[in-house]
Amino acid sequence: MNIIVLIKQVVAATSAKINPETGTLIREGVENILNPFDEYAIEEGLRLREKLGGKVTVVTMGPPQAVEAIRKAIGMGVDEGILVSDAKFAGSDTWATAYTLSQVIKKIGDYRIIITGKQAVDGDTAQVGPEVASCLDIPMVAWVRKIEEVSDAKIRVERLMEDGYDVLESSLPVLLSVVKEINEPRLESLKGKMRAKKYEPLKWTSADFSDFDFSQVGLKGSPTRVKKTFTPQRQYKAAMLSGNAAQMAEELCGKIKELNIIK
Ligand SMILES: Cc1cc2nc3c(=O)[nH]c(=O)nc-3n(C[C@H](O)[C@H](O)[C@H](O)COP(=O)(O)OP(=O)(O)OC[C@H]3O[C@@H](n4cnc5c(N)ncnc54)[C@H](O)[C@@H]3O)c2cc1C
């Protein structure tokens, strides 16, 4: 059973900075990591391959340095990686990203299950998985915490809910986004690391697609726009209250009313 795992390289939280002029994330000269949630997606892909055979291919759309995210996945044991990178895709929003990824998946062709992480820790929208499924016109289950059973034609999964979980059945092919409760990702093995060191993924650019609607990608093709981003200025002010409990409670209520946050 061939499985595709979508992975994203993200800026490590400790080095995340916004360009104050353009309002976009500064991605150059900062530490990049594999999106932590995608490690669970890779692990689940590997477990399915170990049970059912086939191969696991990771796909990422990003700048050339995103090859490092693929190498991490290779170290963990995936079979192949594809990096989709082109200046024409730069500035893509989640929909444009999902459209491009869906074209990549169509080109790969032979797949039964697509797995994504719950969300990327930088963009944080959790939109790409559902949008890819929509572009491919296949079913999608979000927040999968367990795969109970898989056959050639269908899959039964548990979907995490706020107050418990749902058991859902879907036909294949299907796209699943997984939560961290699903497994414990393995570390890269020594053999995997050795392979990863020299590994060169397939690199696809816009020229590799014959039937691609370029009006749907890049900044121009993206239906959403970031109009403004800013870092809120934090102000810390402390006021000491005095008196007995009732007096302090009354004073506190007065101060809260002054702030005009409770009507
Ligand atoms: C309005 C807008 C404008 C943007 N402009 C830019 C920009 O100019 N430059 C820029 O670099 N980014 C830009 N982004 C961010 C970029 O579109 C998103 O990072 C990307 O589409 C993924 O969205 P996300 O990070 O919210 O991922 P989520 O939807 O939270 O990710 C869910 C899962 O989808 C998969 N996934 C997500 N992204 C990818 C990917 N690229 N390749 C493979 N799998 C993936 C992963 O499995 C991930 O766990 C913009 C986003 C928005 C909303």
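Start by selecting helix α1, residues 36–52, together with helix α2 in this predicted model. Their axes come within 10 Å and cross at roughly 40°. Turn the view until one helix lies over the other: the crossing of α1 and α2 is right-handed. To see where they touch, show the side chains of E39, I42, E43 and L46 on α1, and of K72, A73 and M76 on α2. Colour these contact residues by class and you get four nonpolar, no polar and three charged.

Keep α2 on screen, now as residues 67–76, and add helix α5, residues 190–198. Here the angle is about 150°, and the axes are 7 Å apart. At that angle α2 is roughly antiparallel to α5, because angles over 145 degrees are counted that way. Once again the crossing is a right-handed one, with α2 passing α5. Which residues make the contact between α2 and α5? From α2, pick R71, I74 and G75; from α5, pick G192, K193, R195, A196 and K197. By class, the contact of α2 with α5 holds two nonpolar, two polar and four charged residues.

Next, hide those helices and move to α3 and α4. Their axes lie 8 Å apart, at an angle of about 50°, which means that α3 is oblique to α4. The crossing of α3 over α4 is right-handed. On the α3 side of the contact, select T94, W95, A98, Y99, L101, S102, I105 and K106. On the α4 side, select V128, E131, V132, S134, C135 and L136. This contact of α3 with α4 has nine nonpolar, three polar and two charged residues.

Stay with α4, residues 128–136, for a moment. Which of its residues are buried? They are G129, E131, V132, A133, C135 and L136. To see what covers these buried residues, bring back the surroundings: α3 (94–108) is part of the cover, and so are strands including β1 (3–6), β6 (113–117), β7 (140–150) and β10 (174–178). Then step just past the helix to D137, which follows α4 and has a positive phi, near 60°.

Now for the aromatic rings. A pair of them is described by the distance of the centres and the angle of the planes. How many aromatic pairs does a search of the whole structure find? There are five. Zoom in on W204 and F209, whose ring centres are 6.1 Å apart and whose planes stand at 90°, so this pair is edge-to-face. W204 is buried, with a relative accessible area of 12%, and F209 is buried too, at 10%. Widen the selection to F89, Y99, W204, F209, F212 and F214, and you have a cluster linked by ring pairs. Y99 may look familiar from an earlier stop, being one of the α3 residues in contact with α4.

For the last stop, find S170 in strand β9, residues 164–171. Is S170 buried or exposed? S170 counts as buried, because its relative accessibility is 11%. Finally, show P139, A153, K154 and I155: these are the residues in contact with S170 once its neighbours within four places in sequence are left aside.

Conventions
Residues are numbered from 1 along each chain as its sequence is written. This is a predicted model: local features need pLDDT of at least 70, side-chain atom pairs count only at pLDDT 80 or more; totals for chains, interfaces and linings use all residues. Side-chain values use heavy atoms; hydrogens and water are left out. Axes are lines fitted to C-alpha atoms, for helices over the stretch in contact, and angles run from 0 to 180 degrees between N-to-C directions. Helices (H or I, at least four residues) and strands (E, at least two) are DSSP runs, numbered from the N terminus. Angles under 35 degrees count as roughly parallel, over 145 as roughly antiparallel, 65 to 115 as roughly perpendicular and the rest as oblique. A crossing is left-handed if the near helix is turned anticlockwise from the far one by less than a right angle, and right-handed if clockwise. Contact means heavy atoms within 4.5 Å. Ala, Val, Leu, Ile, Met, Phe, Trp, Tyr, Cys and Pro count as nonpolar, Asp, Glu, Lys and Arg as charged, and the others, Gly among them, as polar. Buried means under 20% relative accessible area, exposed over 50%, partly exposed in between (1.4 Å probe, protein chains only). Rings of Phe, Tyr and Trp (its six-membered ring) pair if their centres lie within 6.5 Å; planes under 30 degrees apart count as stacked, over 60 as edge-to-face and the rest as tilted.
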